[in-house]
Amino acid sequence: MSLGTSPAQQIGKEWRRILEEYRLGHPDVTVLDPPDAILHLRNRQSMLQCVADMNLSDSYGRVGVPKQLVIKRDASSIPEAVNEAGLRLPLVAKPLVADGSAKSHELSLAYDQNSLLKLEPPLVLQEFVNHGGVLFKVYIVGEAIRVVRRFSLPDVSRRELSKSAGVFRFPRVSCAAASADDADLDPNIAELPPRPLLERLAKELRRGLGLRLFNLDIIREHGTRDRFYVIDINYFPGYGKMPEYEHVFTDFLLSIMQSQCKKRALADQY
């Protein structure tokens, strides 16, 4: 049975139609990233699939995604669905739609089975991975890669889990005010992911997503040195929080302009 087209889907279609008409009417305008590829990241059910499909395991480390489950309706079915999927508590609950709004960043941590009934679908449930309370924001601007540390949720011990219950709601945890770059951290927690691993990951995602302007939220499993998880991908994030963003962005736009000029020069020769 069809549920029809939602207002958000209608807006998305209209947005794409307008941009496509503009592109066709102005062939000299460069489209940095295609609208369809951008919309792919608005859905947390699909945004991490590209990472999950990768076989990114080598001497520099392993990259995957936390085990997750999509719940589109009926909160009463969540405990059974979680059991069938074999997910372990605690679980991070994220809104299914990631549209950059404040609501899309309203995350929750569910500690027990009863708390799952208090969640509000549609949402994505992700297994919480202890990561030392630090995440890495990896900014991609074309070929450029920049990494910053951000404070995140603290680890949850088995003892804490056995004594905790309910749903803990928390705001966006990776904001600029939560910078961990200058904090006195355990070196094993603060160490950035290996550069070669990030370069390969960025290359595969640029190709797989068809995008050039995005960032990744990456965590390292606590107690390991080489086990990483991508927990979110955001299109055109707040680049003002990225070190030297002015120079990086200027170089990116300049490289695109130079590439377009070369293509036109070659076309004129023929």
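Helices, in the sense used here, are DSSP runs of H or I with at least four residues, and strands are runs of E with at least two, both numbered from the N terminus. In this predicted model, the chain has ten helices and eleven strands on that basis. Its radius of gyration is 20 Å, close to the 18 Å that the globule rule gives for 270 residues, so the chain is as compact as a globular protein of that length. Taken along the principal axes, the box that the C-alpha atoms fill comes to roughly 70 × 55 × 35 Å.

The contacts and the surface add to this overall picture. Of the contacts in the chain with a separation of 6 or more, 72% are between residues 24 or more positions apart. Buried residues make up 41% of the 270 residues, while the area that the chain exposes is about 15400 Å², with carbon and sulfur atoms supplying 52% of it. As for charge, the chain carries 36 positive and 34 negative charges, and the mean positions of these two sets are 2 Å apart.

From the chain as a whole we can turn to its aromatic rings, for which the count comes to six pairs when ring centres must lie within 6.5 Å. One of the pairs joins Y235 and F236, whose ring centres are 6.2 Å apart and whose planes stand at 45°; the pair is therefore tilted, since that class takes the angles that are neither under 30 degrees nor over 60. Both partners are partly exposed, Y235 with a relative accessible area of 25% and F236 with one of 43%.

F236 also forms an aromatic pair with F249, and here the geometry is edge-to-face, with 5.9 Å from centre to centre and 75° between the planes. This second pair links distant parts of the chain, because F236 lies in the loop between β11 (227-235) and α10 (245-269), whereas F249 belongs to helix α10, 13 residues apart from F236. With a relative accessible area of 17%, F249 is buried, falling under the 20% limit that defines the term.

These residues do not stand by themselves, for ring pairs link Y139, Y235, F236, Y239, F249 and F252 into a cluster. Within that cluster, F236 takes part in both of the pairs described above, the tilted one with Y235 and the edge-to-face one with F249.

Terms used:
Residues are numbered from 1 along each chain as its sequence is written. This is a predicted model: local features need pLDDT of at least 70, side-chain atom pairs count only at pLDDT 80 or more; totals for chains, interfaces and linings use all residues. Side-chain values use heavy atoms; hydrogens and water are left out. The radius of gyration is taken over C-alpha atoms; the globule rule is 2.2 Å times the number of residues to the power 0.38. Buried means under 20% relative accessible area, exposed over 50%, partly exposed in between (1.4 Å probe, protein chains only). Contact means heavy atoms within 4.5 Å. Accessible areas come from the Shrake-Rupley method with a 1.4 Å probe; for residues, only the protein chains shown count as cover. Lys and Arg count as positive and Asp and Glu as negative; His and the chain ends are not counted. The place of a charge is taken as NZ of Lys, CZ of Arg, CG of Asp or CD of Glu.
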